Amino acid sequence: MDHARWIEERSRWREIVVRCPVFHDDRNKALRARVVSTTTILALALFVMVENLIHSEGTPYYFIWLTNWTGLLTGTYAVTFCWATVVAAREEHTVGNDDGINGNSQTQIPLAVRILWRTKAAAPVCQLLITIMYWGLLYSPKYTNVTADNVVAHGGLCFMMVTSLTLTARMSLNNLIDLWNTYAFLLTYMTFNIIYTLAIPNGENNDGQPYVYEILHWNGHPERATIVVVVTAFIMVPISYGVALGLTTKVRNYLFPDVGLNAHTRPAHTGAVTRAAA
């Protein structure tokens, strides 16, 4: 049932991606908001990448951290969201009937939309996860300075995702498929982390230590690393998912009670606007 509901929601991607709560679902303003959001997210992610490469003297340690995997995931979410909005808005102004805009055809779903629906939960949930775990578990003022790239990677991008969930997006996250996509991303990273630490010769972080994260020191403290993974999987991820779900339901509904929270409900004026634009 969850899979069928997830597929059904994705089939209505056109009417969902062009909606924007903060602008009362004004299509043109939604498109501008998507462009600004995407540009900002890409700029922040690029800033973190460049700073990482500078600090490591060009060695691509950037790609070993979950934080940066999540940054790339967030960039993918932003780009595909923007692209889907552009495509939907273009079709809305060229197709003269609601069926072309809001139809449920599965055969006409672009690749960008398919990627977006795979990342729409994983990106915000993982941003919340790494931000909570970094400042609550990993950060220590004795060993780490608060730098601009550090704050952007563990807060700035998370802020952008929270903004997207509460102000500019209509996609729902209340589906087990969305939760599975989040776990699939994290499982992929954890597989990489284990292989990098145990199987790759001289696998080390940018400080020359034989692990990526000290709490995931599979060679030296495998029991502790296992406990961290279990706690993250069964406690921290559900908490982060719950926060993201709350932002898309309770908070968004509280902020915009007059707009109509439910993404399954199309505004009554959609058809008229479409025909007038055509």
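## Two loop residues with positive phi

Asn202 lies in the loop between helix 9 and helix 10. The model described here is a predicted one. In it, phi of Asn202 is near 60°, a positive value in a residue that is not glycine. Asn202 has a relative accessible area of 72%, and the cut-off for exposed is over 50%, so Asn202 is exposed.

Glu57 sits in the loop between helix 3 (27-55) and helix 4. Its phi is near 55°, again a positive value in a residue other than glycine. Glu57 counts as exposed because its relative accessibility is 75%.

## A buried loop residue

Asn175 belongs to the loop between helix 8 and helix 9. Is Asn175 buried or exposed? Its relative accessible area is 6%, and buried means under 20%, so Asn175 is buried. Apart from neighbours within four places in sequence, Asn175 is in contact with Asp2, Arg5, Trp6 and Tyr241.

## The largest nonpolar core

The largest nonpolar core has 48 residues. Which of them touch the most other members? They are Trp13, Val17, Tyr77, Leu116, Trp117, Tyr213 and Leu216. Several helices give two or more residues to this core: helix 2 (13-17), helix 4 (66-94), helix 6 (111-119), helix 7 (122-138), helix 8 (148-168), helix 9 (176-198) and helix 10 (222-255). The most comes from helix 4, which gives nine residues.

Leu116 can serve as an example from this core. When residues up to four places away in sequence are not counted, Leu116 touches Val17, Tyr77, Thr80, Phe81, Ala84 and Met171. Two of these names, Val17 and Tyr77, also appear with Leu116 among the residues that touch the most other members of the core.

## A second core and helix 7

There is also a second, separate core of nine residues. Its members include Ala121, Val125, Leu165 and Tyr241. Tyr241 is also one of the residues in contact with Asn175.

Val125 is one of the buried residues of helix 7. How many of the 17 residues of helix 7 are buried? The number is 12, so helix 7 is largely enclosed by the rest of the structure. The buried residues are Ala122, Ala123, Pro124, Val125, Cys126, Gln127, Leu128, Leu129, Ile130, Thr131, Met133 and Tyr134.

## A nonpolar patch on the surface

Nonpolar residues also occur at the surface, where Ile132, Ile227, Val230, Val231, Phe234, Ile235, Ile239 and Val243 make a nonpolar patch of about 700 Å². Helix 10 supplies the largest share of this patch, seven residues.

Val243, a member of the patch, lies in helix 10. Its relative accessible area is 36%, and Val243 is therefore partly exposed.

## Aromatic rings

A search of the whole structure finds 11 aromatic pairs. One is formed by Trp135 and Tyr139, whose ring centres are 5.0 Å apart. The planes of these two rings stand at 55°, so the pair is tilted. Both values are needed, because a pair of aromatic rings is described by the distance of the centres and the angle of the planes.

Trp135 is partly exposed, with a relative accessible area of 33%. Tyr139 is partly exposed too, with a value of 22%. Elsewhere, Trp69, Phe185, Tyr189, Phe192 and Tyr196 form one aromatic cluster.

Key. Residues numbered from 1 in each chain as written. Predicted model: local features only at pLDDT ≥ 70, side-chain atom pairs only at ≥ 80, totals over all residues. Heavy atoms only, no water. Core = buried A, V, L, I, M, F, W, Y, C linked by side-chain atoms within 4.5 Å. Buried < 20%, exposed > 50% of the residue type's maximum accessible area, 1.4 Å probe, protein only. Helix = DSSP H or I, 4+ residues; strand = E, 2+ residues; numbered from the N terminus. Contact = heavy atoms within 4.5 Å. Patch = residues over 30% accessible without salt bridge, like charges linked within 9 Å, V, L, I, M, F, W, Y side chains within 5 Å. Areas by Shrake-Rupley, 256 points an atom, 1.4 Å probe, with all protein chains shown as cover. Salt bridge = Lys/Arg side-chain N within 4 Å of Asp/Glu carboxyl O. Phe/Tyr/Trp six-rings, centres within 6.5 Å; stacked < 30°, edge-to-face > 60°.
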